[in-house]
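Here is a short report on pockets and helix packing. Have the sequence and the model open as you read.

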Amino acid sequence: MAFGDPLVVGRPNAGERARLLERLGGVLDRLWLTNNGPLVREFEARLADLTGARHAVATCNATTGIQIAARAAGLRPGDEVIVPSFTWVATAHALEWIGIVPVFCDSDEITGNADPDHVERLIGPRTRGILGVHVFGYPCDVDALTRLARAHGLVLLFDAAHALGCTYRGRPIGTSGDAEIFSFHATKFVNSVEGGAIVTDDDELAARVRELRNQGIDASGHISGAGTVARMSEFHAAMGLTSLEAIDTVVEANRRNQRVYEEQLAGLPGVVVRGQAPGERANFQYLVIEVDEAVAGVSRDAVLEALLVENVHARRYFSPICHQVEPYRSDPARHFPLPLPRAEGLAARVLSLPTGPTVDAGHIAGICRVVRETVHAAERRLVA
Ligand code: T4K
């Protein structure tokens, strides 16, 4: 086994321990534990700052954040919303759980994001919205999706779970469409253990999501309608703020790791490291390789297995993709009336490898050695 301790994808960045404990101590001193406390408000202000948006509303996770944003934007049960299939299943499940029908579009192979031409072909009489995703922090084609949404009068939301600190056309992701939703799950490069945020420039939408997050109670204390409970607690905000303070160090480590992986795997047939959008700022939180079995002579899953033997726990982000799992798989006419060959191709090739500040050049050399040896062993078998 190459590594004594497991090397994992998604190892949390906890930030400075003393600072976290100090914040948690403050929470206990104040005994204000949740319901829009001072740390949640500070976290929201930092997020608004970072994204350049007028409002950031913290939630208990991104999945619930998508649901609240969808409801606040006027989507209702039975409405169809077009989403890429190549994403984490939460994007689709968030809608399905509240009775909105996800209809899956194909992806662009370079960006990994929704193909606007395919989105357009899927727009039908029941389509009420588009939910774009900035997969692995690579900004999706916001301009094209905005044009489609305007032309057809659709709600436009973005799942920005991976995209904190990234830019689109030089502007921080967070202000496009009706709202964008971020995740601060433990495995994200900025985490609040569990958490999310709805970010928007729309004052009315922001007020509505604040109400929906808190049982439908409006700013004056009246119950304005049915809501849910999706608040972030002060403990979670303490972690979020502390993790956020380390953002520059974490991005720098991720960027450095991306370069080392690219160097170590350069020229290996059938294996490429996925890149980020040219000219944009990226957070590099996911280090994703693609293994093309037809060229490498070995499948992505064989590489995954070889890494596991050496105690490297790679993840198949994202495979299977949304339309390949239930409940969507069993109802193709409803959920994917058009074929999705490029999304399926991506899903067969991608593999996320460990990165982050706890992963160094030595680890990466060891990981890449396993990948290279697996491919070379396949080459030798072919020759023999
Ligand atoms: N939209 C998109 C595009 C998303 O990617 C996600 C979440 C969402 C929406 C929804 O966001 P949230 O509602 O969760 O805020 C993980 C995360 O659970 C999930 O949040 C994330 N996407 C997805 C891409 O990855 P799993 O099932 O792979 O997580 P898990 O718990 O198996 O952890 C993965 C690895 O991380 C483990 O092998 C080890 C490491 N780990 C994990 C945890 C929880 C740690 O080292 N420490 C930890 O505490 O989904």
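Helix α7, residues 203-213, gives the most to the lining of the second largest pocket, with four residues. The model is a predicted one. About 260 Å³ of space lies in this second largest pocket. Its lining has 13 residues, with Asn36, Arg210, Arg213, Asn214 and Ile217 closest to the centre.

The largest pocket has a volume of about 420 Å³. It is lined by 23 residues. Nearest its centre lie Trp88, Ala90, Ser183, His185 and Lys188. Two elements give two or more residues to this lining: α3 (62-72) and α4 (90-96). Of the elements, α3 gives the most, with three residues.

The table sets out the make-up of each lining.

| Lining | Nonpolar | Polar | Charged |
|---|---|---|---|
| Largest pocket | 10 residues | 10 residues | three residues |
| Second largest pocket | five residues | three residues | five residues |

Next, the helix packing. How do α3 and α7 pack, by angle and by the distance between their axes? The angle is about 125 degrees, and the axes are 9 Å apart. That angle makes α3 oblique to α7, because it falls outside the ranges for roughly parallel, antiparallel and perpendicular. The crossing of the two helices is right-handed.

From α3, the contact uses Ile68, Ala69, Arg71 and Ala72. From α7, it uses Leu205, Arg208, Val209, Leu212 and Arg213. The residues of this contact divide into six nonpolar and three charged, with no polar ones. Arg213 takes part in the contact with α3, and Arg213 is also among the residues closest to the centre of the second largest pocket.

Key
Residues are numbered from 1 along each chain as its sequence is written. This is a predicted model: local features need pLDDT of at least 70, side-chain atom pairs count only at pLDDT 80 or more; totals for chains, interfaces and linings use all residues. Side-chain values use heavy atoms; hydrogens and water are left out. On a 1 Å grid over the protein atoms alone, a cavity is a set of points where a 1.4 Å probe fits but cannot get out, and a pocket is an open set with protein on both sides within 12 Å along at least five of seven lines; lining residues have an atom within 4 Å of a point. Grid points are joined across faces, edges and corners, and a volume is the space filled by probe spheres set on the points. Ala, Val, Leu, Ile, Met, Phe, Trp, Tyr, Cys and Pro count as nonpolar, Asp, Glu, Lys and Arg as charged, and the others, Gly among them, as polar. Axes are lines fitted to C-alpha atoms, for helices over the stretch in contact, and angles run from 0 to 180 degrees between N-to-C directions. Angles under 35 degrees count as roughly parallel, over 145 as roughly antiparallel, 65 to 115 as roughly perpendicular and the rest as oblique. A crossing is left-handed if the near helix is turned anticlockwise from the far one by less than a right angle, and right-handed if clockwise. Contact means heavy atoms within 4.5 Å.
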